[in-house]
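Visitor: Please take a close look at the part of this protein that carries the annotated sites. I would like the surroundings of each annotated residue set out in one connected account.

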Amino acid sequence: MFEGILPAIITPFYRDSRAGLDIEGLQSNIESLLQRGVHGIVPCGSTGESATLTFEEHELVIGKTVEVVDGRVPVLAGTGSNNTEEAVRLTRSAKDVGADGALVISPYYNKPNRSGLIKHFTKLADLDLPIVLYNVPGRTGQNLQPDLVAELARHPNIVGIKEASGDITQISRIIEETQDEEFSVISGDDAMTMPVLAIGGTGVISVTANVDPRRMVEMYEAFRAGDLARARVLHYELAPLMRAMFVDTNPIPVKKAVELIGMAAGPVRLPLDELDEAKTEQLRKVLVNHG
């Protein structure tokens with residue numbers, strides 16, 4: 001169900017005192033991505049600043065995303081939390097508005113033990129919406145080990161993992177241990193897209209695709225068509241842009257990049273702050289060179 005290029009979309013805000021939601025901008029951005037051939041949309045992930053959205057904003061963004069997409073591609077809604085009951089509320093809401101699945105980060109800060117992780121993810125999966133686990137140790141302080149992922153993958157509603165550990169050996173082990181399940185392993189790092197595809201992954205939940213969805217889609221489709229030479233060329237064309245998306249904490253650079261190319265973006269919300277002048281100029285040069 002979840003494969004190809006799935007942009008983890010930004011959440012546009014107005015440049016006002018409250019940094020309020022720009023719903024018209026959100027709708028316009030999604031339509032632009034769909035017109036460029038993306039294979040799915042991921043609202044309210046880390047790139048969508050989910051940590052600083054209220055429950056009401058979170059639910060509105062997911063609902064509007066489902067409405068605009070209108071069944072053209074899957075919507076994988078970010079609904080994770082380090083509070084299981086909050087994650088239940090968000091996941092149930094995403095199901096109610098018609099999302100195709102929920103992207104659920106492993107609980108951050110708490111550092112739950114193994115049995116707690118299993119109970120947390122199982123409770124969400126029991127809501128009867130497809131669940132994609134999200135492993136990003138750099139943000140959560142905890143790594144989902146391959147044997148734990150394989151155990152969770154036996155639940156019929158746990159259908160994949162966004163793997164952002166950066167460890168290709170671990171990712172390979174997860175693919176190896178879930179081969180008998182209907183389970184997708186999706187890269188959580190743009191630069192790892194090609195390596196993950198090569199060992200059996202199904203795609204990427206992408207930051208870079210907010211800025212250049214067309215080339216990201218072309219790279220994926222070239223790989224799937226067996227044109228590895230073309231896919232490799234596109235990978236290296238995209239590499240400077242991929243690096244530029246992380247000159248500061250995500251989503252600070254991508255939000256500025258989206259604004260620079262004329263799409264709806266606005267500020268990031270505190271405690272994140274705007275990209276400084278030197279990094280903005282660095283980003284501008286990459287965008288110009290990228291074309």
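Guide: The secondary structure comes to 12 helices and 7 strands, where helices (H or I, at least four residues) and strands (E, at least two) are DSSP runs numbered from the N terminus. This is a predicted model, in which local features need pLDDT of at least 70, side-chain atom pairs count only at pLDDT 80 or more, and totals for chains, interfaces and linings use all residues. Residues are numbered from 1 along each chain as its sequence is written, and side-chain values use heavy atoms, with hydrogens and water left out.

First, the overall frame. For 291 residues, a compact globule would have a radius of gyration near 19 Å, and the 18 Å of this protein agrees with that; the radius is taken over C-alpha atoms, and the globule rule is 2.2 Å times the number of residues to the power 0.38. Along the principal axes, the C-alpha atoms fill a box of roughly 50 × 45 × 35 Å. Buried residues make up 56% of the 291 residues, buried meaning under 20% relative accessible area with a 1.4 Å probe and protein chains only. Of the contacts between residues at least 6 apart in sequence, 71% join residues at least 24 apart, a contact being heavy atoms within 4.5 Å.

Now the active site. An unreviewed UniProt entry places the feature "active site" at Y134 and K162; UniProt positions are given in the numbering used here, feature names are shortened, and annotations may be inferred rather than shown by experiment. The two residues span 29 residues in sequence, yet their C-alpha atoms are no more than 4.7 Å apart, so they gather at one spot. Of these residues, the lining of the largest pocket includes Y134. A pocket is an open set of points on a 1 Å grid over the protein atoms alone, where a 1.4 Å probe fits, with protein on both sides within 12 Å along at least five of seven lines; lining residues have an atom within 4 Å of a point.

Y134 is in strand β4 (residues 131–135), and K162 is in strand β5 (residues 158–163). Y134 counts as buried because its relative accessibility is 7%, and K162 is buried at 7% as well. Leaving out residues up to four places away in sequence, Y134 touches S46, L103, V104, I105, S106, L144, K162 and A164. With the same exclusion, the contacts of K162 include L103, Y134, I186, S187, G188 and I205.

I205 leads to the other annotation. From an unreviewed entry, UniProt lists T47 and I205 under "binding site". They span 159 residues in sequence, yet their C-alpha atoms are no more than 10.3 Å apart, so they too gather at one spot. The lining of the second largest pocket includes T47 and I205.

I205 belongs to strand β7 (residues 203–206) and counts as buried at 2% relative accessibility. Beyond four places in sequence, I205 touches L6, A8, V42, L76, L103, K162, I186, S187 and G188. T47 sits in the loop between α1 (23–35) and α2 (55–69), and T47 is buried at 3%. Apart from neighbours within four places in sequence, T47 is in contact with A8, I9, I10, T11, V207, N210, N250, P251 and V254. A8 therefore appears among the contacts of both T47 and I205.

Key:
Buried < 20%, exposed > 50% of the residue type's maximum accessible area, 1.4 Å probe, protein only.
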